[in-house]
Structure formats: C-alpha cells, structure tokens
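User: I'd like to go through the charged pairs in this model and hear the reasoning behind each label. Can you take me through them?
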Amino acid sequence: GGPAGVSCAITLKNLAKNRNINLDVVVYEPKDFEGGIEHNECAGVLSQPIEHIIEDKLGIPFPWHLVKREVPGYYLHTDSSVIKLDGEGEISYALRRVQFDAYLLKKAIEAGATVIRSKVTDVEIGKDKVTVYSETKHIRADVVVGAFGLEEDTHRIFERETSYKSPKYLLTILTKFHPKGQHHDLEDTDGYIHAFLPSLKGIEFGAVTPKADHYTMNIAGAKISSRSMDEFLRVPAVLEVLPKNFKASLEKLDYHRGCFPIKPASHFVGDRYVTIGDAAGLIRPFKGKGVNSACLMGIKAAETMMDSGISREAFQTYADSFNEIIKDLPYAHAVRRFVIWGAYYGFLTPIIQIAKDCPALKKALFDSVSGKKAYRKILIDTMSIPLFIKVAITLMRWLVKRIVTFHGRHFLV
C-alpha cells in the first residue's frame with residue numbers, strides 16, 4: 001500500500017483497461033493510513049520529478065492539498081562550516097507521508113484494485129499459481145509483487161520461499177518537535193532543509209526539516225541508537241537551527257526507528273514474483289528520492305508483467321531497466337565512504353570552503369544531497385584538472401596543519 005505497491009496496482013489497472021483485459025489486482029495493507037494513527041520513518045519530502053511521475057505516468061492528480069511547505073534547497077553543515085545549496089528553481093515538497101500514502105491507496109481503489117486490510121502471513125509460489133495467506137483471507141493468483149519495504153517478517157517469508165535475499169540497509173531514527181505557541185519560528189524560516197555531516201561516530205548524516213507546524217529531525221547510520229539521536233540533537237549547529245525552547249523538550253521527544261536500503265537485494269525477481277521499492281533495494285545509497293524510485297519501480301514492474309510476462313526471464317527486463325543505478329553503485333559507495341571519513345576526520349570543511357567560491361563544486365554538492373544526478377555523472381561533470389589541483393593543495397595544507405597542531409600537543413590522532 002505504499003508508493004511502490006500502489007503505483008504497480010494503478011498501472012496494472014490502467015493498462016488492463018486500455019487493452020480491454022479483465023484483470024484482478026489485490027493489495028494487502030494492514031496499516032491504517034486514513035486514520036492517521038500510523039507513523040512512517042520517512043522525513044516526508046518529495047523531490048522532482050514527482051509531479052511528472054504522479055500525473056503523467058500514473059494518470060492521477062498530484063495531491064497539492066497535502067503539501068505543507070515548499071523546499072527550495074539545502075544548508076549543508078559540517079562541524080565548523082555551512083554552505084547554502086540552492087535548487088536553481090527545482091522545488092521539493094514537504095508533507096506527511098501517511099497522508100500521501102492514504103491518498104495513493106484511495107486512488108488505487110478508485111482505479112479498481114481490491115484492498116485487503118490484513119497482514120500477509122505466508123506465500124507459496126508454485127509452477128502454475130501463487131497463494132498468499134493473511135490474517136483474514138488467502139488469495140490464489142498468477143503472480144505476487146513484494147512491496148513490503150524492509151519489513152522483517154515479510155522479507156523472511158520471501159527468503160524462505162524463494163532465492164530472494166533482502167538488501168543491506170542503514171538504520172534511521174526520526175523524531176518531531178512541535179514548537180507550541182511559537183508558530184512564528186517556522187514562518188520565519190526559509191524552508192531550506194538543514195543537512196548535517198557530523199563527526200559523531202556512527203552517524204553518517206542527519207537532517208532538520210521544517211514543516212508547516214513542526215520540525216522533523218532524522219539521522220542514519222549502520223549502528224545508531226537512541227543515544228546517537230540524543231547526541232545529534234545536542235550538537236551546537238543543530239541547536240542553532242531549532243527554536244530556543246527546544247532544549248527543554250529533549251527528554252519528551254518520541255523516537256521512531258526504521259531503515260532504508262543501500263544495496264540491491266539478491267534475486268529480487270523470479271518465476272511468478274517480483275520485488276519493488278525498498279524491498280528490491282534499487283536506489284542509490286546516501287540519497288533521497290526514495291518515493292520517486294518506488295513509484296518508478298512499481299510502474300516498470302506492471303509494464304513488464306503486461307508486456308513480457310511473469311517468468312524469471314520476463315522480469316529480467318524489469319531488472320535490466322535499472323542497470324544505470326546498479327552501475328552507479330561503486331561510485332555511490334566511494335562517495336559515501338569519502339563523506340563518512342571526511343566528516344569524522346574534518347577534511348570536508350576545507351572542501352566546503354572551496355565550494356563557496358566554485359560554482360561547479362557547489363552544484364555537485366547540491367546534486368549529491370538532492371539526488372538529482374547519478375554519482376558517476378556528478379564526478380564527470382564536476383572534476384577538472386584545475387579543480388582537482390585546487391582540492392589536492394587545500395587538503396595537503398589541511399593535513400600539514402593538523403600534523404603540526406597535533407605534534408605541538410605531543411600526540412597524533
């Protein structure tokens with residue numbers, strides 16, 4: 001029932017209608033998005049070209065009524081430096097993910113999909129049919145689409161029944177702060193997201209996102225915990241972008257834990273099954289645009305089923321369509337590792353100082369933070385011999401200064 005599954009369901013129904021095919025599409029969704037009691041660990045920011053995907057590819061109106069705030073760009077922080085990254089007219093949209101998911105699920109129902117409000121408990125994949133069991137009703141079908149994200153119970157069902165292995169992932173922790181009686185604090189902000197690359201061990205990145213009536217704060221890392229979030233929220237640079245009364249509420253914040261993939265799943269397609277969205281892991285690590293990727297995967301999976309079939313060979317067409325992401329992964333992981341080391345040891349700060357006077361490097365930072373381009377393309381478009389020399393000299397000066405400073409204190413870290 002999330003963006004991936006709903007996009008697949010809507011596309012299947014649209015294609016079947018256009019081809020005059022009587023096709024039953026069933027969506028299992030145990031969460032109550034409509035009631036608003038569910039929580040989603042997503043920060044709730046939709047990036048371009050989400051309007052094009054929703055309106056042109058899915059054929060439904062973009063839910064402008066759900067947009068709480070426009071996001072024109074980012075501030076990128078290290079421990080001792082900050083740079084403003086403008087989107088050059090590319091606007092993102094802040095909203096509540098549960099409301100967005102509720103809207104999409106409603107549109108799937110309007111398109112003719114059947115929604116069963118129940119949790120899937122098991123799956124059987126045979127040579128001639130698929131059986132899906134749930135807490136309330138089981139269904140026999142031609143094919144099953146795994147749009148379960150990184151939900152542990154469901155991915156174990158797929159791992160037991162198929163060759164599928166869930167993707168490697170990072171943990172996330174998210175919390176919100178409502179500045180009661182201080183709405184002007186949010187009204188006075190410029191809507192930019194504050195992205196942080198702190199030197200705190202274990203935290204790969206964090207963010208503070210202003211919404212209409214609250215701030216969303218989130219962090220990510222391989223081994224983070226509630227203590228990691230406690231540390232992050234006490235970083236001086238983080239406190240500077242939050243209201244003055246925030247510190248008094250630190251002990252009362254409600255933390256939510258989740259995860260997102262950083263590597264593709266193994267055997268994410270097979271005979272009579274295909275996985276999409278986070279379950280497939282076909283997104284670039286260290287970037288946003290997870291909703292965009294989920295929708296595009298759902299749409300492509302539906303087109304593959306209708307055009308090529310539901311065999312492993314047919315679904316290979318779906319897998320091949322995301323080769324550009326897979327090819328970009330080595331560059332993505334290299335950048336990720338460079339940023340982690342740079343934040344921890346402090347050499348990102350001089351690079352940000354260079355970017356302030358270098359439009360090409362500044363644009364590269366925006367494209368990296370926003371997920372606008374593939375890492376390989378960012379590197380090709382940005383790096384030049386003069387810039388490489390400038391960065392190398394700056395880093396050498398930084399390294400020499402560090403060594404001299406530490407030597408003067410009689411120790412070297």
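User: Why is the pair K119 and E151 called a salt bridge?

Analyst: A salt bridge is a side-chain nitrogen of Lys or Arg within 4 Å of a carboxyl oxygen of Asp or Glu. The closest N and O atoms of K119 and E151 are 3.3 Å apart, so the pair makes the cut. Bear in mind that this is a predicted model, where local features need pLDDT of at least 70 and side-chain atom pairs count only at pLDDT 80 or more. Side-chain values use heavy atoms, with hydrogens and water left out, and residues are numbered from 1 along each chain.

User: What makes K119 partly exposed?

Analyst: Buried means under 20% relative accessible area, exposed over 50%, and partly exposed in between (1.4 Å probe, protein chains only). K119 has 26% relative accessibility, so it counts as partly exposed. E151 gets that label too, at 29%.

User: How do you know that R19 and D307 form a salt bridge?

Analyst: Their closest N and O atoms are 2.7 Å apart, so the salt-bridge rule is met. The pair links distant parts of the chain, 288 residues apart.

User: Why is D307 called exposed?

Analyst: D307 has 52% relative accessibility, so it counts as exposed. R19, at 37%, is partly exposed.

User: What makes R234 and E251 a salt bridge?

Analyst: The closest N and O atoms are 3.2 Å apart, so this pair qualifies. R234 is partly exposed at 42%, while E251 counts as exposed at 69%.

User: How many salt bridges does the rule give?

Analyst: The count comes to 10.

How values were computed: Helix = DSSP H or I, 4+ residues; strand = E, 2+ residues; numbered from the N terminus.
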